[in-house]
Amino acid sequence: MEVRFGLLGEVTAHIGGHPIDLGPARQRCVLAALAVDVGRVVPVGRLVERVWGAATPRRGSAALHSYVSRLRRALAGSDAVDVVRRSGGYALEADERSVDLHRFRALRGRSDVAALSEALGLWRGEPLEGLTGEWAESARAALERERRAVEHDLVDAVLRAGGGADLVADLAERSARHPLDERVAGQYLQALHRAGRVADALEHYDRLRDRLADELGTDPGAHLRGLRDRIAATAPTADADRAAADRAPAGAAVPRQLPAAPRQFTGREQELAALTSALDRAAGRPVVISAIAGAGGIGKTWLALHWAHRHVDRFPDGQLFVDLRGFSPDSTPMEPAVAVRGFLAALGVEPARLPVEPHAQAALFRSLVADRRMLVVADNAADAAQVTPLLPGGDSCTVLVTSRRRLPNLIAGHGAHHVPLDALSDAEARDLLTARLGAGRVAAEPAAVAELVRLCGGFPLALGIAASRAHALPDRPVAALADELRDLGLGALDEGDPAASLPAVLSWSHRALPADQAAAFALLGTAPGPDIGLPATAALTGLPPKEAGAVLRGLEQASLLTRDTEGRYRMHDLIRAYAVDTAHRELDEPSREAGLRRVLGFYTRTAHASAVLLHPDRPAISPEPPPAGVLPHPVPDVPAAVAWFDAEHRDLLAAQRTAEALGWHRAAWELAWALSTFQQRRGYRDDQLATWRIGLAAAAHLPDPADHVLAHRLVGLACSNLQRHEEAIAHLRHALALAERHGDAMQQAENHRVLAGVWDLAGDDRSALEHSAQALRLFRALGEPVGEADALNDVGWYAARLGEYDTARAHCRDALALYHRHDDTAGEAAASDSLGYIAHHTGDHAGAVRHYERALALYREHGNTYSAADTLDDLGHPHAALGRPDLARAAWREALALYRDQGRAADAERVGRQLGDQPPTAASTNP
């Protein structure tokens with residue numbers, strides 16, 4: 001019975017045409033690990049490594065045998081396949097041709113077009129889809145490289161056979177992805193030549209030559225240079241205009257309406273490639289439409305004109321251009337009928353021959369251009385309805401539309417290609433300034449130029465205004481211009497001319513907004529933080545979530561907001577500056593304040609609920625009630641709380657600074673309280689100190705002395721985390737004195753715990769043990785079991801550090817039991833970590849591994865990556881002591897990555913040395 005295995009997509013098996021249930025991912029991984037070496041023995045150790053990698057269970061061989069047994073049962077329906085045990089390993093016994101990967105490789109070896117096409121046809125998506133782990137990722141990457149090589153081989157084969165014209169679109173995309181690959185460039189040049197596009201081929205060669213010189217300091221190779229010369233020798237010499245006139249209907253004009261190409265155009269290579277690709281793919285299909293969308297001043301018209309002039313030879317029957325004035329400062333949008341009449345005049349239609357009805361005029365326009373290779377540029381469109389009457393019929397014309405809106409109706413209804421335009425990169429912005437000001441002037445003031453690039457935020461109009469001003473004042477330092485822009489903001493980009501003033505250009509977009517979007521736009525300018533989500537927007541605007549979502553989508557359509565892959569919205573800095581100006585100009589102070597109170601209420605209440613989930617045994621606070629109608633975002637569990645804090649952390653920091661600036665002291669203090677646990681567990685040490693400095697200043701205005709004590713204690717903790725021991729001790733002693741003055745035993749106990757940590761970091765374990773013992777006495781007297789457990793674990797830890805292991809073990813076991821009794825899994829993680837340390841240092845390395853792995857699992861569950869990094873670091877040592885260098889290195893590699901992410905340079909350097917000191921065994925994976 002025929003058997004087929006699939007590896008070039010999801011891992012599958014078919015027997016007699018029927019799919020086989022291969023079970024869980026690990027079992028499919030076993031099959032894949034055998035199938036890539038079908039017919040050959042794969043040693044048990046190598047199979048275990050492929051299936052589990054660094055996460056190999058303690059009885060990896062037994063687990064592998066269990067999976068193999070189940071796999072054999074699943075494949076038992078065919079005599080043509082079996083999984084057999086051989087000396088030292090297992091083998092999949094089957095015909096090589098039954099595995100798509102091996103059929104792919106066999107076809108590749110034949111090198112002809114039919115075989116290579118068939119080989120690529122075997123791919124069903126990402127190879128080994130659904131499998132994870134080091135081996136699967138490595139094998140997947142290698143297989144993808146094989147596929148790319150065959151794709152290249154197929155193109156060469158097609159070109160050798162005399163084809164290639166139909167490969168232009170694919171090669172344009174491939175060339176954009178690999179701009180310095182000379183093999184791809186050569187294929188693209190040949191395809192363009194076969195398609196009759198000699199000018200495009202030569203222009204692409206010139207761009208590649210310049211880029212190689214700029215980025216690699218080299219020239220194209222001899223093969224590519226020779227290819228270019230052979231193509232150049234075939235360039236046509238006939239007059240294009242005369243040929244176009246010969247093709248045009250009798251009496252038809254050949255319009256050349258394109259405005260001049262923009263001078264010193266820079267960047268936008270990806271967008272230019274997208275426009276070209278859309279044209280290349282359209283052979284024999286209806287009219288090609290590309291809709292370039294972006295904010296005012298972002299360079300849409302420049303892009304359209306630059307591309308049009310670069311490809312003008314592809315439109316020999318003429319080019320039409322109209323400014324539809326969709327966002328004009330001094331007029332309403334142009335009626336489509338007016339634009340049609342202008343096109344008809346350009347095409348040579350006498351006024352007396354014009355039909356009376358607009359629909360008849362549009363029909364005449366379509367008739368005149370139906371079979372002509374023409375370009376129509378509709379610039380600055382207000383909406384799709386303004387563009388639709390300008391669309392030619394037939395399949396020979398191309399239309400470029402620019403708009404500040406995304407024109408979804410044009411995309412959905414007419415198949416337009418959406419080309420979004422965002423700010424220039426820093427490198428592109430610098431190139432633009434260099435082109436305008438000269439390389440010498442830019443090189444003379446690199447810091448000032450970098451500041452100018454930052455302040456202009458990649459907006460071509462802003463950069464153009466700044467460059468024009470600098471060009472007009474050649475003796476004035478660039479630094480002075482940067483200072484002016486920093487001091488005056490958008491005002492420095494107001495040139496008086498509405499077409500060359502960024503505030504004026506943005507005002508045209510704002511005036512076109514419906515009332516609800518205009519009001520939301522202004523409020524979003526005042527919102528704290530670099531971005532915002534839908535729930536916070538609903539609170540800020542006071543709108544129901546559904547209506548707030550519609551408003552956000554409208555502003556995104558208007559190119560005044562962008563949305564990232566996580567569904568969060570942000571404004572470009574210059575657009576945000578205009579939104580702030582708009583808010584102060586068009587909203588009264590009570591309206592602005594109400595919006596801020598709503599969004600801060602949302603952030604504060606949601607952060608409080610999330611903080612309680614992260615640390616349920618922490619002494620509670622009573623947050624202020626939020627403004628009417630504001631509800632916290634639902635956060636059901638610990639992972640959701642961590643995810644919410646991760647997404648909102650920068651906005652919460654900004655919200656706290658806003659509360660501080662406005663004198664909303666309770667909100668500033670509550671946000672400090674809510675952020676504390678998350679920042680501690682994520683290792684955001686600098687943010688933690690900044691947050692609690694604001695919290696301490698706010699506590700001075702609050703009536704409850706406990707708030708002031710807590711603030712001093714947590715400033716002390718934050719200082720301690722940053723190795724500022726003297727400052728930490730000063731704050732903690734002050735907090736302890738305040739707690740004693742007010743008879744607050746709970747606060748005294750907590751302060752002794754933190755003081756113990758400070759002395760620990762200072763290297764004084766004996767003082768740390770004494771403060772922990774005082775904390776334990778106070779928690780027991782208060783009848784606080786979780787606090788008692790914390791202190792028990794602390795006493796055990798510091799006793800262990802002093803070598804008093806029996807005392808340490810007894811205290812940490814008692815702590816673990818108390819944590820478990822009160823369902824405090826965060827505490828269980830800390831106690832398990834302490835017991836791991838004790839076990840390792842008393843020779844029980846296997847016990848240490850068990851304790852550390854339990855701690856690690858719980859730390860990960862709570863999003864406590866800071867402590868997880870330390871536990872991973874510690875876990876490597878008992879693995880090494882047990883003769884497991886591979887597992888030790890795996891733990892240390894993960895710890896190293898976390899240390900680097902957390903900016904813990906000294907820890908990262910130490911773990912790096914450990915990795916260097918622990919050589920891998922012959923069977924281990926690469927680090």
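Guide: Two strands are said to pair if DSSP finds at least two bridges between them, and this rule will be needed for Arg85, which stands opposite Tyr90 in E6. Please keep in mind that the structure shown here is a predicted model.

Visitor: What makes E5 and E6 a pair of strands?

Guide: Strand E5, residues 82–86, is joined to E6 by five bridges, and since the rule asks for at least two, the two strands count as paired because that number is reached. They run antiparallel, and they form a hairpin with two residues between them, where Gly88 in the turn has a positive phi of about 85°.

Visitor: How do you know whether E4 and E6 are paired or unpaired?

Guide: Strand E4, residues 42–43, has two bridges to E6, and the cut-off is at least two, so this count satisfies the rule and E4 and E6 are paired. Their direction is antiparallel, and Pro43 stands opposite Gly89 in E6.

Visitor: Why is strand E6 described as largely enclosed?

Guide: A residue is buried if its relative accessible area is under 20%, and in E6, which spans residues 89–93, four of the five residues are buried, so the strand is largely enclosed by the rest of the structure. For the protein as a whole, buried residues make up 51% of the 927 residues.

Visitor: What makes Arg85 a charge over the ring of Tyr90?

Guide: The distance part of the rule asks that CZ of Arg be within 6 Å of the ring centre, and Arg85 lies over the face of Tyr90 at 4.9 Å from that centre. Arg904 is placed over the face of Tyr866 in a comparable listing, at 3.7 Å from the ring centre.

Visitor: Why is the pair of Trp307 and Phe315 called tilted?

Guide: A pair of aromatic rings is described by the distance of the centres and the angle of the planes. The search of the whole structure finds 11 aromatic pairs, and in the one formed by Trp307 and Phe315 the centres are 6.1 Å apart with 55° between the planes. Centres must lie within 6.5 Å, while planes under 30 degrees apart are stacked and those over 60 are edge-to-face, so the pair of Trp307 and Phe315 qualifies and its angle falls in the tilted class. Ring pairs also link Trp644, Phe645, Phe678 and Tyr684 into a cluster.

Visitor: How do you know whether Trp307 is buried or exposed?

Guide: Buried means under 20% relative accessible area, and Trp307, at 1%, therefore counts as buried. Phe315, at 2%, is buried by that rule too.

Visitor: What makes E1 and E3 the edge strands of their sheet?

Guide: The open sheet has three antiparallel strands in the order E1-E2-E3, and strand E1 (3–6) and strand E3 (18–19) are its edges, each pairing on one side only. E1 and strand E2, residues 12–15, pair over four bridges, and Arg4 stands opposite His14 in E2.

Visitor: Which residues lie nearest the centre of the second largest pocket?

Guide: Its lining has 30 residues, and Arg207, Arg211, Gly267, Glu269 and Arg310 lie nearest the centre. The volume of this pocket is about 1,000 Å³, and its lining divides into nine nonpolar, eight polar and 13 charged residues. Gly267 counts as polar and Glu269 as charged, because Gly is placed among the polar residues and Glu among the charged ones. Helix H9 gives the most to this lining, with nine residues.

Technical notes: Residues are numbered from 1 along each chain as its sequence is written. This is a predicted model: local features need pLDDT of at least 70, side-chain atom pairs count only at pLDDT 80 or more; totals for chains, interfaces and linings use all residues. Side-chain values use heavy atoms; hydrogens and water are left out. On a 1 Å grid over the protein atoms alone, a cavity is a set of points where a 1.4 Å probe fits but cannot get out, and a pocket is an open set with protein on both sides within 12 Å along at least five of seven lines; lining residues have an atom within 4 Å of a point. Grid points are joined across faces, edges and corners, and a volume is the space filled by probe spheres set on the points. Rings of Phe, Tyr and Trp (its six-membered ring) pair if their centres lie within 6.5 Å; planes under 30 degrees apart count as stacked, over 60 as edge-to-face and the rest as tilted. Buried means under 20% relative accessible area, exposed over 50%, partly exposed in between (1.4 Å probe, protein chains only). A charge sits over a ring if NZ of Lys or CZ of Arg is within 6 Å of the ring centre and within 35 degrees of the ring normal.
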